[in-house]
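Trainee: I would like a close look at a single part of this model, the sheet in chain A. Please take it strand by strand and then move on to its surroundings.

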Amino acid sequence: MKLIGNSSHIIDWSALVAVLKTQTGRSRGSKQEDDIHHNPKVAELRKTWIDAGYEDDESVGWLDYDVPTGVVENISNWLNITPIGGWITSVPPGYCVPWHYDITDDEEDILAKGTPIRFTCHIDKPQWGQVFVLGDHAFHMEEQGNFYQWADWQEWHGGMNMGLTPKFLFNLMGYAK
Amino acid sequence: MKATFIGNCKTIDWQSLVNDLLTKEGDARTFGGNFYHNTDGRFDEVISLWKTAGYDKSGTVEWINYYPGKHFDSSVIKLFEEYTNTTCARAWVSKIRPGRYAPYHMDIDDDEELYLSKGELVRYTAHPGISERGQVLIVEDSLFHLEEQGNVYMWPNHRAWHAGGNCSFKPKFLFNFLGIKK
């Protein structure tokens, strides 16, 4: 993982977060409405979670938000990448995203076009108790707009919120130009 | 304020302590659990903060405490007193299961005045287990993740705000010690 830079001169993240706080995100985790469990890798991961005690556990929960038009394009131009996709996640206080790697149904298509690069950006102002763990590193009180490139697009990670306000993260995948 | 690294305490067999506790039930602490008296409202600030943030609805506030003499051998306390040159006022081991939290709080004790009457209080934590990715303790400006087994830290003050969480696959253990300076 490496710090690419601060993106606050590209996007007004505070304004975006303010809008997100007025929206209802798509519920993910234990109460997830759509079925992604047909994927064998997801099934295997879920078994690991169940074995760890996460079964039927309401602690597993996060929200997904659509990224406003232009954000992915502007950030991708800044990073000099061809975007695959971007999404925003939010973990409310008291919920978590257990240790996992990202699994997608179109993995073969993605890999057929190149090696994906994965990024995360801390889009809200630093809030005590909001933690994102990527590999060996735990992010806490990160400066708003800090943009990190992962060592591997399927690196293991997890999210927690033991603070008092929702935690937001912008996620991006793309190909190097 | 940051916590101060004291050293790695090798006089205690931390792995044996953790192995012993893995099979024991302990005393569960949850939101609304009746484990304190709060006769003068000293817990009200933390309870109010948690309610405002939604922890009363999440159902994920939980830590499990183990006490010397009840759940583990008190000889551990004697050894830690010697290591820190303090007298124990209170000590316990806490466990946070995967998906559970001890959210933002400071430790409030119904008997704090009694402890303070005996001298200056100093708070330590030690990391007794082999840390897993996703097991986190935060004490004011210090975050602890993948700490070496046996590492001991002194807190900025005994009422420092802190929190613990676990998004790993294994329980997270912490040795907690409130000492009186000699």
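Mentor: In this predicted model, chain A has an open sheet of four strands in the order β5-β10-β7-β8, and the pairing is antiparallel. Its edge strands are β5 (96–100) and β8 (137–140) of chain A, each of which pairs on one side only. Direction ignored, neighbouring strands of this sheet are turned by 20 degrees against each other on average. As background, strands of a sheet pair through backbone hydrogen bonds, either parallel or antiparallel.

Within the sheet, take the pair β7 and β10 of chain A. Strand β7(A) covers residues 130–134 and strand β10(A) covers residues 157–161; the two run antiparallel and are joined by five bridges. To locate the register, start from Gln130(A), whose bridge partner in β10(A) is Asn161(A).

The sheet also bears on the contact between the chains. In total, 29 residues of chain A are in contact with 27 residues of chain B. The elements of chain A that give two or more residues to the side touching chain B are α2 (40–52), β5, β7, β8 and β10. The most comes from β5(A), with four residues, and β5(A) is also one of the edge strands described above. By type, the residues on this side of chain A divide into 17 nonpolar, nine polar and three charged.

Across in chain B, there is a strand pair to set beside this. Strand β7(B), residues 135–139, and strand β8(B), residues 142–145, pair in the antiparallel sense over four bridges. Leu137(B) stands opposite Phe144(B) in β8(B). These two strands form a hairpin with two residues between them, and Glu140(B) in the turn has a positive phi of about 45 degrees.

Chain B also offers a helix to examine. Helix α1(B) spans residues 14–22, and Trp14(B), Leu17(B) and Leu21(B) in this helix are buried. They lie on the same side of α1(B) because they cover an arc of only 60 degrees around the axis. The spacing fits a general rule: an α-helix has 3.6 residues a turn, so residues three or four places apart point the same way. The cover over the buried residues of α1(B) includes β3 (62–66), α4 (75–84), β4 (86–96) and β11 (172–181) of chain B. On the face of α1(B) turned away from its buried side are the exposed residues Asn19(B) and Leu22(B).

Technical notes
Residues are numbered from 1 along each chain as its sequence is written. Chains are lettered from A and ligands numbered from 1 in the order in which they are written. This is a predicted model: local features need pLDDT of at least 70, side-chain atom pairs count only at pLDDT 80 or more; totals for chains, interfaces and linings use all residues. Two strands pair if DSSP finds at least two bridges between them. Axes are lines fitted to C-alpha atoms, for helices over the stretch in contact, and angles run from 0 to 180 degrees between N-to-C directions. Two residues are in contact if their C-beta atoms, placed from the backbone, lie within 7 Å. Ala, Val, Leu, Ile, Met, Phe, Trp, Tyr, Cys and Pro count as nonpolar, Asp, Glu, Lys and Arg as charged, and the others, Gly among them, as polar. A residue is buried if 20 or more other C-beta atoms lie within 10 Å of its own, exposed if 12 or fewer, and partly exposed in between; C-beta atoms are placed from the backbone. The arc is that of the directions from the helix axis to the C-beta atoms.
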